[in-house]
Amino acid sequence: MNRALFSKHVELKNIRITDSFWLAETELVRKEVIPYQYEALHDRIEGAAKSFAVENFVKAGRVVRALKEGREAPVFPADKWCYDDKNAHPDAFHGWVFQDSDVYKWLESAAYSLSNFPDAQLEKKADEIISLVCDAQLENGYLDTLYVINNREEIFSNLKDFHELYCFGHLAEAAVAYYNSTGKRQLLDAACRFADLICDTFGEEKIRGYGGHEIAELALVKLYDATGEKKYLDAAEFFINERGKKPYYYDLVLGRKTVEDNYHYNQAHCEPRKQNEAVGHAVRGVYLYSGMADVAKRCGDAELYDACKKLIENIINKKMYVTGGIGSTVDGEAFSFDYDLPNDLAYAETCASIGLIFFIRRMLEIEPNADIADAAERALYNTVLSGMAQDGKSFFYVNPLEVLPEASHKDSRKRHVKPARQKWFGCACCPPNLARMISSIGEYCFTENEETLFIHQYIGCEAECANARIRVVSDYVRNGRVSIDINPKRAFTLALRIPEWCREYSFSMPCEIRNGYAYFEIGSAVTLEAEFEMTVRMIKCSNMVRDNVGKVAVARGPIVYCIEEADNGKNLQLLRISKNPDFRLDGEDILADGFREKEKTVLYSEWKEAEEEAVTLRLIPYYKWGNRGENEMSVYIRI
Ligand SMILES: [Zn+2]
């Protein structure tokens, strides 16, 4: 590893988003999503699945108080994933085992939002929730409402399936975010007390276990960065090194024989540093890989970094949709095999693309790499944005590239593919994950070290970087133009990512092009104008992807497009795009020359050249699909 290439992202508190495209999204999160989710966590949204999340903290707080006062606290079973029995005891835990994490993700989003937009009322709500969280912490630092409420004796007894270390991870992320944004330590102290307990419990001479759903690894590194407490970094490293070691910890606990296949789902089939293919549950995977990159950088672990490089290359070259979606099968919400990217059966969970962006930022902090920064852009502008409705009130969990509503309703293999966004799910991982990603979008724009400031994403903002104060005025999404006012604090190099989709680009200053970045020497205040030509293009997918042979996807700049029934009529499979379509822009839509084949309802007949009529296809940005009621949608079009 070349330490000279190491860099750090610019912290959110030093960035103010001014970009009209992204400000609309961050405002949506601030004004709609965060208040809506606050209500959802309190079970006050009519018609939405109940969360029980805040209720569980209140119940756990009662248990902790009882124990402190030396009173008996009841015991209930803690033996399943979802506690949805309507006849369950009212004092018992309700909801999914990971329900606490929704509260933490909400707190994290609120923290990011507060750092951009101080809001006394929101801060008061967050403080109240933090008090509830802290009241639910056992004296020894343990904090997970399922076990606090239901059974204190069984804490850490099922690391593989029950999400205590996962919930800890989200707690730590929220705590660091809230501390950075408000300077308040209450939640950070609670997270550190839980982390201390984890450090005391797990280790070489202690319990040699690790979480079934990763995230504690990256979260412990965040706590280490925030506090300088080395044992947190050591614990993250321990969890990574212990994972996948034989005999498997989970087998020892469960008293059964080693079966490697059992642990692909948890990326525990072999030691992470020996992994070279992304497998298993996609969100777990990218969370683990993020933690691996964090640890590799801080410990100078070249072997671990090498595994990270192989994993990211496998994802972006063989397992990622053109929309930046990852995890192509519903079976385990998982990565499948190379080039297996079905459009209509896709899983492509919103959270997985968010996690991919987390992973990529960490990789860029080790070494700049335009190819992987491009993949973050792909995920961000397509799958991540698609996850949320234009009104911020409903969400996609699964992000397919082709939808036939009738199939979603009638074919159980496609039941996971929803033709319309949902209000709130009981298992609500994606909406709060979206909120925290969008409200912290500034953290994904830059990385810098003492010599170089990299701009990876062109989002309009004002940023106080170590090398310079800069103002980015961006019309990147609309026409590829970016203007950057630079006020240097010292002589430094500015590096701009050249997007992979861009054939022609120009800069107002001389530069050197290396590995997908344009490097500029900056000595005094200057305004740099960049223009990335943004023609509409047709994308061919590898012919190893069976679904896409004879088809193309259409994109302009970072935005991938799709066709919808609302614009193009039923039976999108009958449409074909011309080989030389005369693309026209109509607002954000693209019009293209194409053909519609005549419908043939006779099942079999002798082959003849198809009868077609010329039509104009209307394409809309993929992230906007599904905002006009249930209808057919397709990203790939026959050519
Ligand atoms: Zn999710």
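The legends below accompany an overview and several close-up views of a predicted model.

**Figure 1. Overview of the chain and its domains.** The predicted chain contains 18 helices and 26 strands. Its C-alpha trace spans about 80 × 70 × 50 Å along the principal axes. For 639 residues, a compact globule would have a radius of gyration near 26 Å, and the 25 Å of the chain therefore agrees with that expectation. The domain assignment places domain 1 at residues 49-244, domain 2 at 446-532 and domain 3 at 536-638.

**Figure 2. Contact between domain 2 and domain 3.** The C-alpha centres of domain 2 and domain 3 are 36 Å apart. Contact between them involves four residues of domain 2 and five residues of domain 3. On the side of domain 2 that touches domain 3, three residues are nonpolar and one is polar, while none is charged.

**Figure 3. Packing of helices α2 and α3.** Two packed helices are described by the angle between their axes and the distance between the axes. The axes of α2 (residues 53-68) and α3 (residues 100-116) come within 8 Å of each other and cross at roughly 105°. The angle lies in the range of 65 to 115 degrees, so α2 and α3 count as roughly perpendicular to each other. In this contact, Ala53, Val54, Asn56 and Phe57 of α2 meet Asp100, Asp102 and Val103 of α3. By class, the residues of the contact comprise four nonpolar, one polar and two charged.

**Figure 4. The antiparallel six-strand sheet.** This open sheet follows the order β2-β10-β11-β12-β17-β14, and its pairing is antiparallel. Strands β2 (15-17) and β14 (505-507) stand at the edges with a single partner strand each, so one side of each has no neighbour in the sheet. From one strand to the next, the twist averages 10°.

**Figure 5. Strand pairing from β10 to β17.** Strand β10 (residues 461-464) is joined to β11 (residues 468-475) by four bridges in the antiparallel sense. Here Ala463 has Ile470 of β11 as its bridge partner. Eight bridges connect β11 with β12 (residues 481-488), again with antiparallel pairing. Within that pairing, Asp475 stands opposite Arg481 of β12. Strand β12 in turn pairs with β17 (residues 526-532) through six bridges, and these two strands also run antiparallel. Arg481 reappears in this view, standing opposite Glu531 of β17. Arg481 of β12 thus faces Asp475 and also Glu531.

**Figure 6. The mixed six-strand sheet and its edge strand β1.** A further open sheet of six strands has the order β1-β8-β9-β13-β16-β15, with mixed pairing. Its edges are β1 (8-9) and β15 (512-514); each has a single partner strand, so one side of each is left without a neighbour in the sheet. Strand β1 runs antiparallel to β8 (residues 446-448) and is joined to β8 by two bridges. The bridge partner of Lys8 in β8 is Glu448.

**Figure 7. Strand β23 and its partners.** Strand β23 (residues 589-597) runs antiparallel to β21 (residues 575-577), with three bridges between them. In this pairing, Ile577 stands opposite Gly594 of β23. Strand β22 (residues 584-586) also pairs with β23 in the antiparallel sense, over three bridges. Arg584 stands opposite Leu591 of β23. The connection between β22 and β23 is a hairpin with two residues between the strands, and Gly587 in the turn has a positive phi of about 60°. Antiparallel pairing of β23 with β24 (residues 612-621) extends over eight bridges. There, Glu597 stands opposite Glu612 of β24.

**Figure 8. Backbone geometry at two loop positions.** Most residues other than glycine have a negative phi, and most peptide bonds are trans. Asp43 has a positive phi, near 60°, in a residue other than glycine. This residue is located in the loop between α1 (20-41) and α2. The second position concerns the peptide bond from Lys246 to Pro247, which is cis with omega near -5°. Pro247 lies in the loop that separates α9 (230-242) from α10 (249-254).

Note on methods:
Residues are numbered from 1 along each chain as its sequence is written. This is a predicted model: local features need pLDDT of at least 70, side-chain atom pairs count only at pLDDT 80 or more; totals for chains, interfaces and linings use all residues. Two strands pair if DSSP finds at least two bridges between them. Axes are lines fitted to C-alpha atoms, for helices over the stretch in contact, and angles run from 0 to 180 degrees between N-to-C directions. Domain bounds come from an automatic or database domain assignment. Two residues are in contact if their C-beta atoms, placed from the backbone, lie within 7 Å. Ala, Val, Leu, Ile, Met, Phe, Trp, Tyr, Cys and Pro count as nonpolar, Asp, Glu, Lys and Arg as charged, and the others, Gly among them, as polar. Angles under 35 degrees count as roughly parallel, over 145 as roughly antiparallel, 65 to 115 as roughly perpendicular and the rest as oblique. The radius of gyration is taken over C-alpha atoms; the globule rule is 2.2 Å times the number of residues to the power 0.38.
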